[in-house]
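Welcome to this short tour. Keep your viewer open and select each stop as you reach it.

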Amino acid sequence: MVRVIMLSPPGAGKGTHSRWLTLQTGAAHISAGDLLRAEVERGSELGRQVATYTSRGDLVPDELIFSILAPVVVAAARDTGGYVLDGFPRTMPQALRAAQFGAELGLSSNAVIYLTAPEEELVNRLLDRARRDGRPDDQLGIIRHRLAVFASETAPLVDYYRGRGILLELSTNRPEAEVQADLLNWLEARGLMPPVPRGSSLNHSNPVGATPPDTGDLPRGDQPVNQA
Ligand code: AMP
């Protein structure tokens with residue numbers, strides 16, 4: 001079963017492709033950003049703390065994100081047999097701690113998908129999303145800051161996971177269906193896709209037609225852009 005980390009700068013398509021992969025595999029989609037936004041919406045003390053970081057486009061402290069995510073990942077792996085981790089880890093300390101935690105519990109990641117697109121494309125996609133969804137951190141200055149944070153804090157994880165031999169780099173500057181076909185072929189070649197039971201709604205023999213019904217934060221279809 002897939003235990004996947006989706007690693008990408010903001011706007012490269014990790015939400016979209018995580019949701020799609022979840023439909024293809026049955027593994028739970030766990031979005032670090034969604035969990036944090038839910039905490040902010042609850043208006044709890046923790047949510048207020050979280051908002052001081054997320055509103056500026058800064059990462060929340062490693063300890064805080066780990067304490068929120070760890071129980072969710074354990075429950076997801078127990079309930080669905082895998083996970084699609086969208087937006088975690090994002091720093092080297094998070095990655096090292098996740099690796100240790102995964103090894104102790106037999107939940108180590110077996111694939112890391114690194115999605116890329118040119119910087120101006122990322123900015124345009126996020127500004128589009130701002131017009132649609134009004135996410136408070138999708139403003140030009142904060143977007144630029146989030147991209148800089150990705151470059152300094154998260155980009156080093158690419159070489160770390162490449163060195164472990166579990167990284168697939170995919171450009172999302174092309175139609176979604178092509179990205180998904182490449183992703184599926186790679187996961188299948190590594191024996192990570194679950195067998196498709198007869199009559200199952202899992203449809204990984206036809207990735208091109210397998211667009212999720214939930215449009216989430218991004219438009220779908222054959223558009224080469226707008227994958228965030
Ligand atoms: P995202 O929805 O993935 O774009 O994340 C939105 C925001 O949540 C980020 O800009 C960070 O402020 C925070 N965040 C998400 N994931 C993490 C993480 N793994 N570590 C620290 N902060 C995070």
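Helices (H or I, at least four residues) and strands (E, at least two) are DSSP runs, numbered from the N terminus. Read that way from the N terminus on, the elements of the protein chain run β-α-β-α-α-α-β-α-β-α-α-α-β-α. That gives nine helices and five strands.

Two notes before setting off. Residues are numbered from 1 along each chain as its sequence is written. This is a predicted model, in which local features need pLDDT of at least 70, side-chain atom pairs count only at pLDDT 80 or more, and totals for chains, interfaces and linings use all residues.

**Stop 1: the whole chain**

Show the protein chain in full. Of its 228 residues, 37% count as buried. A residue is buried if 20 or more other C-beta atoms lie within 10 Å of its own, exposed if 12 or fewer, and partly exposed in between, with C-beta atoms placed from the backbone. Two residues are in contact if their C-beta atoms, placed from the backbone, lie within 7 Å. Among contacts between residues at least 6 apart in sequence, 76% join residues at least 24 apart.

**Stop 2: strand 1**

Now select residues 3-7, which form strand 1. Are its residues buried or exposed? Five of its five residues are buried. R3, I5 and L7 lie on one side and V4 and M6 on the other, so colour the two sets separately to see that both faces are covered.

Add the neighbouring strands next. Two strands pair if DSSP finds at least two bridges between them. Strand 1 runs parallel to strand 3, joined by four bridges, and I5 has L85 as its bridge partner there. With strand 4, strand 1 also pairs in the parallel sense over four bridges; look for V4 opposite A111.

**Stop 3: helix 1**

Move on to residues 14-25, the 12 residues of helix 1. The expected span of a helix is 1.5 Å times one less than its number of residues. For helix 1 this gives 16 Å, and its end C-alpha atoms are 16 Å apart, which agrees. Of these residues, 11 are buried, including H17, W20 and L21. Their packing partners are strand 1, strand 2 (28-31), strand 3 (83-86), strand 4 (111-116) and helix 9 (176-189). Just after the helix comes G26, with a positive phi near 85 degrees.

**Stop 4: A76 and the core**

Select A76 in helix 4 (residues 62-80). Why does A76 count as buried? Because 21 other C-beta atoms lie within 10 Å. A27 is 49 residues away in sequence, yet 7.7 Å away in space, C-alpha to C-alpha. Beyond four places in sequence, A76 touches A28, I30 and Y83.

Follow that last contact to Y83, whose partners beyond four places include R3, V73 and A77. A nonpolar core is a set of buried Ala, Val, Leu, Ile, Met, Phe, Trp, Tyr and Cys residues joined through C-beta atoms within 7 Å. The largest one has 43 residues, and V4, Y83, V84, L85 and I113 touch the most other members.

**Stop 5: the ligand**

Finally, centre on the ligand. How many residues surround the ligand? There are 18, and the closest are A32, G33, L59, G87 and R90. The elements giving two or more residues to this shell are helix 2 (32-42) and helix 3 (45-54). Helix 2 supplies the largest share, three residues.

Key: A residue is near a molecule or strand if its C-beta atom, placed from the backbone, lies within 6 Å of it.
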